[in-house]
Amino acid sequence: MATDLSKIRNIGIIAHIDAGKTTVTERMLFASGSKHRAGEVDRGTTTTDDDAEEAERGITIYSACVAFAWKVASNPGMPVKQVDVNLIDTPGHVDFTAEVERSLRVLDGAVIVFSAREGVEAQSETVWRQADRYHVPRICFINKMDKTGADFAASFLSIREQLGASPVAVQI
């Protein structure tokens, strides 16, 4: 049976190390119903960091792809349709930048995760420029709003000032 490519989305999660990419990936798997419980990086129970060294170090070393179905309604009152999402969790450490570059070549879009405490960081700038090079559309997600020192406004402003972007806050 042929696969309807119009119903497949390849989405990457990109960011600086420790911004929360793998945790966001876990929550998306949980929200989609693909997992009954979200894994935790600190416990080594995440789906995408299944390599022993990744679990031990608590960082992503290799890009990992997970797939799940997501239900979408294009307009209120319209029938809900399902798309299949291939979500690629990429490394955030500068040593694994080439791994991010390989992933960006196949993406329909990316979610770039920023920590609400730090805002734009060095590797955030690198992956942003890589996404520019491959013309990958992005949605920014400011994560870790529950942490001490979190500052949404400062993080939002850093996206504008350091990346030269024109962000629009959709939901706070």
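1. Glu118 is partly exposed, at 40% relative accessibility. Its salt-bridge partner is Arg117, and the closest N and O atoms of the two are 3.6 Å apart. Arg117 is also partly exposed, with a relative accessibility of 44%. The model is a predicted one, and each value in this note is to be read as computed from it.

2. Salt bridges as a group. The count for the structure is six. The Arg117 and Glu118 pair is one of them; two further pairs, each within a helix, are taken up below.

3. Glu99 and Arg102. The side chains of these residues form a salt bridge, with an N to O distance of 2.4 Å. Both residues belong to helix H3, residues 97–104, and they stand three residues apart, about one turn of the helix. An α-helix has 3.6 residues a turn, so residues three or four places apart point the same way. The two ends of this bridge fall into separate accessibility classes: Glu99 is buried at 17%, whereas Arg102 is partly exposed at 48%. The cut-off for buried is under 20% relative accessible area, so Glu99 at 17% falls inside that class.

4. Arg129 and Asp132. The closest N and O atoms of this salt bridge are 4.0 Å apart. A salt bridge requires the nitrogen to be within 4 Å of the carboxyl oxygen, and a reader who applies another cut-off may wish to check this pair. Arg129 and Asp132 are three residues apart in helix H4, residues 122–133, which means a separation of about one helical turn. Arg129 is partly exposed at 38%, and Asp132 is partly exposed at 33%. The pair does not stand alone, since a network of salt bridges links Arg129, Asp132 and Arg138.

5. Burial of H3. Helix H3 is largely enclosed by the rest of the structure, because six of its eight residues are buried. The buried residues are Thr97, Glu99, Val100, Glu101, Ser103 and Leu104. They pack against strand S1 (8–15), strand S3 (80–89) and H4. The list includes Glu99, the residue that bridges to Arg102.

6. Geometry of H3 and H4. Two packed helices are described by the angle between their axes and the distance between the axes. For H3 and H4 the angle is about 30° and the axes are 10 Å apart. The two helices are therefore roughly parallel to each other; the class takes angles under 35 degrees. H3 passes H4 in a right-handed crossing.

7. Residues in the H3 and H4 contact. On the H3 side the contact is made by Thr97, Val100, Glu101 and Leu104. On the H4 side it is made by Gln123, Thr126, Val127, Gln130, Ala131 and Arg133. By class, the contact has four nonpolar, four polar and two charged residues. Thr97, Val100, Glu101 and Leu104 are also among the buried residues of H3.

8. Val80. This residue lies in strand S3 and is exposed, with a relative accessible area of 54%. Not counting residues up to four places away in sequence, Val80 touches Lys71, Val72 and Ala73. Its C-alpha atom is 38 Å in space from that of Gln162, and the two residues are 82 apart in sequence. Strand S3 is one of the elements against which the buried residues of H3 pack.

9. Cys140. Strand S5, residues 138–143, holds Cys140. At 31% relative accessibility, Cys140 counts as partly exposed. With neighbours within four places in sequence left aside, its contacts are Ile112, Phe114, Trp128 and Ile159. Between Cys140 and Glu101, which are 39 residues apart along the chain, the C-alpha separation is 18 Å.

10. Ala55. Helix H2, residues 52–57, contains Ala55. Ala55 is partly exposed, at 32% relative accessibility. Its C-alpha atom is 7.8 Å from that of Thr45, a residue 10 places away along the chain.

Methods. Residues numbered from 1 in each chain as written. Predicted model: local features only at pLDDT ≥ 70, side-chain atom pairs only at ≥ 80, totals over all residues. Heavy atoms only, no water. Helix = DSSP H or I, 4+ residues; strand = E, 2+ residues; numbered from the N terminus. Buried < 20%, exposed > 50% of the residue type's maximum accessible area, 1.4 Å probe, protein only. Axes fitted to C-alpha atoms, helices over the stretch in contact; angles between N-to-C directions. Parallel < 35°, antiparallel > 145°, perpendicular 65-115°, else oblique. Left-handed = near helix turned anticlockwise from the far one by under 90°. Contact = heavy atoms within 4.5 Å. Nonpolar A, V, L, I, M, F, W, Y, C, P; charged D, E, K, R; others polar.
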